[in-house]
Amino acid sequence: MVVTIIVFVLVFGVVVIAHELGHFLIAKLNGIRVLQFSIGMGPDIVKFTKGDTKYVLKLLPIGGACMFEGEDGIYSKDQDSDGQQVQKPEGAFNDANVWSRIATVFAGPFFNIILAFLLSLIVVGFAGGAVPVIDTLTEGYPAEAAGMKEGDIITKMDGERIHLQDEVTFVSALSDGKPMEIEYKRDGKKYTTVITPRFSEQDNRYYFGFVMGRSVPCKGFDLIKYSAYHVRYWLKATVKSLLMLGQGRLSANDLSGPVGIAVMIDEQIEVTKPYGLPTVVVNMINFAVLLSVNLGVMNLLPLPALDGGRLLFMFIEVVRGRPVSPEKEGMVHFVGFVALMILMVFVLYNDIARIFVH
């Protein structure tokens, strides 16, 4: 359990630091003053000030914040000793050009994607590129009946370009039993077939009847290419999962918070432990890729209190030629923050309940 907690803190910490560092660096480049750079939530355990910025490490290893001068009406020195208004300090967030503010807010999620790519270089360099080559066919299943063979390379499924076997697995797992067009290569030639997957009562899902399981060593350009494919896969999987949530195909019960993530980390460590420490470490790095992509995508959702919500107001400003009233925007973000806290409590309750159920 101690190992799980340490790994959780490291993985979550790296992902959050990357996000806040994106905000911080781009703010500095655009002349926006950063009042506080904090990692974690709750009481402060370590803090110091360097230059204009206060750096804080908090007790709970989740979340973080980058507070800017003048953001939400908060200024470092906007009143004198008598409480009278004085000239605003330089470097206020709202005084910056709208595109500078957009870049600063967008940089957080963007740095999460950059981090995911850098970590993917390690994962792919160690494990290789998981090419979508059929390793074995299940006897009597649709893929065999359609004439597919071991060694066939799947290139498209349902019109979507396929680069990795994980993409094949994901599309297969989401199948609702409808016929699907599959394009594949054999001996350099392309073939197309239509397969209707078979339902498994035991697993409560549909199967096409092929098993993937081949990887190729990656160096040089191939390492970069397959690392990009790896990040692309997690981006697609995250976006599709959010769409399924919006369509009602997934429920809020399928969401996981910090406790649920810690449980998943513990399970992954136990599963990979027999294969040695290097495999455990790479698997945790891959988990960090997933978390980083998720954090980046989630923060870009156009919802109040998230980076995407703030970006929405800024793009409205671009269209209107003037900003939305700070009071109105502040109220929207406050309501969104309250709703976000309620959701976090709900997810936390579900995470804990699942532990006791299992």
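**Figure 1. Glu144 and its contacts in helix α3.** Leaving aside neighbours within four places in sequence, Glu144 is in contact with Leu137, Thr138 and Glu139. This view, like the others below, comes from a predicted model. Glu144 belongs to helix α3, which covers residues 142–145. Is this residue buried or partly exposed? Glu144 is partly exposed, because its relative accessible area is 37%, and buried would mean under 20%. For a sense of distance, find Ser175, which is 31 residues away from Glu144 along the chain. The C-alpha atoms of Glu144 and Ser175 are separated by 18 Å.

**Figure 2. The whole chain, for orientation.** Before the next close-ups, here is a step back to the full model. The chain contains 9 helices and 10 strands. Its C-alpha trace spans about 85 × 50 × 45 Å along the principal axes. Of the 358 residues in the chain, 40% are buried. Take the contacts between residues at least 6 apart in sequence: 65% of them join residues at least 24 apart.

**Figure 3. Asp152, a buried residue in a loop.** Welcome to the loop between α3 and β4, where Asp152 is found; strand β4 covers residues 153–157. Asp152 counts as buried because its relative accessibility is 1%, and the limit for buried is under 20%. Which backbone atom lies 2.7 Å from a polar atom of the Asp152 side chain? It is the backbone nitrogen of Lys149. Not counting residues up to four places away in sequence, Asp152 touches Pro132, Val133 and Ile134, and also Tyr184, Lys185 and Arg186. Tyr184, Lys185 and Arg186 lie within strand β6, residues 180–186, which leads to the next view.

**Figure 4. An open sheet of 4 strands.** Follow the strands across this sheet and the order reads β5-β4-β6-β7, with antiparallel pairing. Which strands sit at the edges? They are β5 (160–161) and β7 (189–195), each of which pairs on one side only. Within the sheet, β4 and β6 run antiparallel and are joined by 4 bridges. One pair to look for is Lys156 with its bridge partner Glu183 in β6. Strand β6 is mostly covered, with 5 of its 7 residues buried. As you trace a strand, keep one rule of thumb in mind: in a regular strand, side chains alternate between the two faces of the sheet.

**Figure 5. The hairpin of β6 and β7.** Here the view moves to one side of the sheet. Strands β6 and β7 run antiparallel, and 7 bridges join them. Among the partners, Tyr184 is matched with Tyr191 in β7, and Ile182 with Thr193 in β7. How many residues lie between the strands of this hairpin? There are 2 residues between them, and in this hairpin Asp187 takes a positive phi near 55°.

**Figure 6. Two more residues with positive phi.** Asp158 has a phi near 55°, a positive value in a residue other than glycine. Its place is the loop between β4 and β5. Asp158 counts as exposed because its relative accessibility is 53%, and exposed means over 50%. Ala305 is not a glycine either, yet it has a positive phi of about 80°. Look for Ala305 in the loop between α7 (277–299) and α8 (307–320). With a relative accessible area of 26%, Ala305 is partly exposed.

**Figure 7. Helix α4 and what covers it.** Which residues of α4 are buried? They are Gln165, Glu167, Val168, Phe170, Val171 and Ser172. The cover over these buried residues includes strands β4, β5 and β6, along with β9 (205–207), β10 (210–212) and α5.

**Figure 8. The cavity and its lining.** The structure holds 1 cavity of 30 Å³ or more. The largest cavity has a volume of about 50 Å³. Its lining is made by Glu160, Glu167, Phe170, Val171, Tyr233, Lys236, Ala237 and Lys240. Two or more of the lining residues come from each of α4 (165–173) and α5 (220–247). Which element gives the largest share of the lining? That is α5, with 4 residues. By type, the lining residues divide into 4 nonpolar and 4 charged, with no polar ones.

Notes
Residues are numbered from 1 along each chain as its sequence is written. This is a predicted model: local features need pLDDT of at least 70, side-chain atom pairs count only at pLDDT 80 or more; totals for chains, interfaces and linings use all residues. Side-chain values use heavy atoms; hydrogens and water are left out. Two strands pair if DSSP finds at least two bridges between them. Buried means under 20% relative accessible area, exposed over 50%, partly exposed in between (1.4 Å probe, protein chains only). Contact means heavy atoms within 4.5 Å. A polar contact is a pair of N or O atoms within 3.5 Å; within protein, one must be able to donate a hydrogen and the other to accept it, and residues adjacent in sequence count only if both atoms are side-chain atoms. On a 1 Å grid over the protein atoms alone, a cavity is a set of points where a 1.4 Å probe fits but cannot get out, and a pocket is an open set with protein on both sides within 12 Å along at least five of seven lines; lining residues have an atom within 4 Å of a point. Grid points are joined across faces, edges and corners, and a volume is the space filled by probe spheres set on the points. Ala, Val, Leu, Ile, Met, Phe, Trp, Tyr, Cys and Pro count as nonpolar, Asp, Glu, Lys and Arg as charged, and the others, Gly among them, as polar.
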